[in-house]
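These are my notebook entries from a session of looking things up in one structure. I wrote each entry down as I went along.

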Amino acid sequence: MLIGHGYDAHRFYSPETAGNRTLVLGGVRIEHAVGLIAHSDGDVLVHALCDALLGAAGLGDIGAHFPDNDAQYAGIDSRVLLRRVVQELHREGLRPHNADMSLVAQQPRLAPHIAMMRKCLAADLNLDIRRVNVKATTTERMGFTGRAEGIAAHAVVLLEE
Ligand code: MG
């Protein structure tokens, strides 16, 4: 078994410049006043998960594999990146065993979307949904997440050879 950890945070657009950006978390599109600033679709949960997977495999991080100054990744669906990471693991003789993740957000309320996130991520990881856990918490209005300046995500995974 190999353990990996990932963390990511993205800033919300200011409401004036939000445009029609959609909030995408764990592959789920969520209606919200503002989206997250990012080169990709801003899926902070998938980014943390990718980093945990790459970390467990000793393969660096998501920024090294998919540079945010590379035009081919502009606006990309982060689940495409996740599936590429899983393929890379397969080439190394590794596969995910389970994943546990935490989203940290003051808003929006994420509980109604957790089940669909787990379904999306389990599909990309080729895992039973019981092996893919997603939790959400606020920080009681403390810190940057508490002030709703952005959303953070933590992920830990186990890989098996
Ligand atoms: Mg990111």
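**Entry 1, the sheet.** I was working with a predicted model, and I began with a single residue pair, noting that Ala-99 has Val-157 of strand 6 standing opposite. From there I followed the pairing of strand 4 with strand 6 (residues 150-160), where I found an antiparallel arrangement joined by 9 bridges. Two further pairs went into the notebook: Pro-96 has Leu-159 of strand 6 as its bridge partner, and Ser-102 stands opposite His-154, again in strand 6.

I then turned to strand 1 and found that strand 1 also pairs with strand 6 in the antiparallel sense, over 10 bridges, with Ala-155 of strand 6 as the bridge partner of Gly-6. The pairing of strand 4 with strand 5 is parallel and has 6 bridges, and here I noted Asn-133 in strand 5 as the bridge partner of Asp-100.

What order do the strands take in the open sheet? I read it as 1-6-4-5, a sheet of 4 strands with mixed pairing. Strand 1 and strand 5 are the edge strands, each pairing on one side only, and the average turn between neighbouring strands of this sheet is 15°, with direction ignored. For strand 6 I also looked up burial: 8 of its 11 residues are buried, so strand 6 is largely enclosed by the rest of the structure.

**Entry 2, the magnesium ion.** Which residues coordinate the magnesium ion? I found Asp-8 through OD, His-10 through NE2 and His-47 through ND1, at 2.0 to 2.3 Å. Along the chain, these donors follow the spacing D-x1-H-x36-H. Asp-8 lies in strand 1 (residues 2-11) and His-47 in helix 1 (residues 44-56), so this pair ties together parts that are 39 residues apart in sequence. I checked the accessibility of both: Asp-8 is buried, at a relative accessible area of 17%, and His-47 counts as buried too, at 7%.

**Entry 3, helix 4.** I next took helix 4 (residues 114-125), whose 12 residues reach 16 Å from the first C-alpha to the last, close to the expected 16 Å. Helix 4 lies across strand 4 and strand 5, and I noted that it runs at about 145° to strand 5.

Which residues of helix 4 are buried? My list reads Ile-114, Met-117, Cys-120, Leu-121, Ala-122, Asp-124 and Leu-125. Looking for what covers these buried residues, I found that the cover includes strand 2 (23-25), strand 3 (28-30), helix 1, helix 3 (78-91), strand 4 (95-104) and strand 5 (132-137). Just after helix 4 comes Asn-126, which has a positive phi, near 55°.

**Entry 4, the cysteines.** How many disulfides does a search of the whole structure find? The search gave 0, and I wanted to know why. The sulfur of Cys-50 has its closest cysteine sulfur in Cys-120, at 14 Å, which is too far for a bond, given that a disulfide needs the two sulfur atoms within 2.5 Å. Starting from Cys-120 I arrived at the reciprocal result, with the sulfur of Cys-50 as the closest one, at 14 Å. Both residues are away from the surface by the accessibility figures I looked up: Cys-50 is buried at 0% relative accessible area, and Cys-120 is buried at 10%.

**Entry 5, two loop residues.** I closed with two positions in loops. Is Arg-109, in the loop between strand 4 and helix 4, buried or exposed? I found Arg-109 exposed, with a relative accessible area of 63%. I also took its separation from Val-132, which is 23 residues in sequence and 20 Å in space, C-alpha to C-alpha.

Leu-59 is in the loop between helix 1 and helix 2 (62-65). Leaving out residues up to four places away in sequence, I found that Leu-59 touches Leu-54, His-65, Glu-88, Leu-89 and Glu-92. For its separation from Glu-31, which is 28 residues apart along the chain, I noted 34 Å between the C-alpha atoms.

Note on methods: Residues are numbered from 1 along each chain as its sequence is written. This is a predicted model: local features need pLDDT of at least 70, side-chain atom pairs count only at pLDDT 80 or more; totals for chains, interfaces and linings use all residues. Side-chain values use heavy atoms; hydrogens and water are left out. Buried means under 20% relative accessible area, exposed over 50%, partly exposed in between (1.4 Å probe, protein chains only). Donors are N, O and S atoms within 2.8 Å of the metal (3.2 Å for Na, K and Ca); water is not among the atoms, so sites may look incomplete. The expected span of a helix is 1.5 Å times one less than its number of residues. Contact means heavy atoms within 4.5 Å. Two strands pair if DSSP finds at least two bridges between them. Axes are lines fitted to C-alpha atoms, for helices over the stretch in contact, and angles run from 0 to 180 degrees between N-to-C directions.
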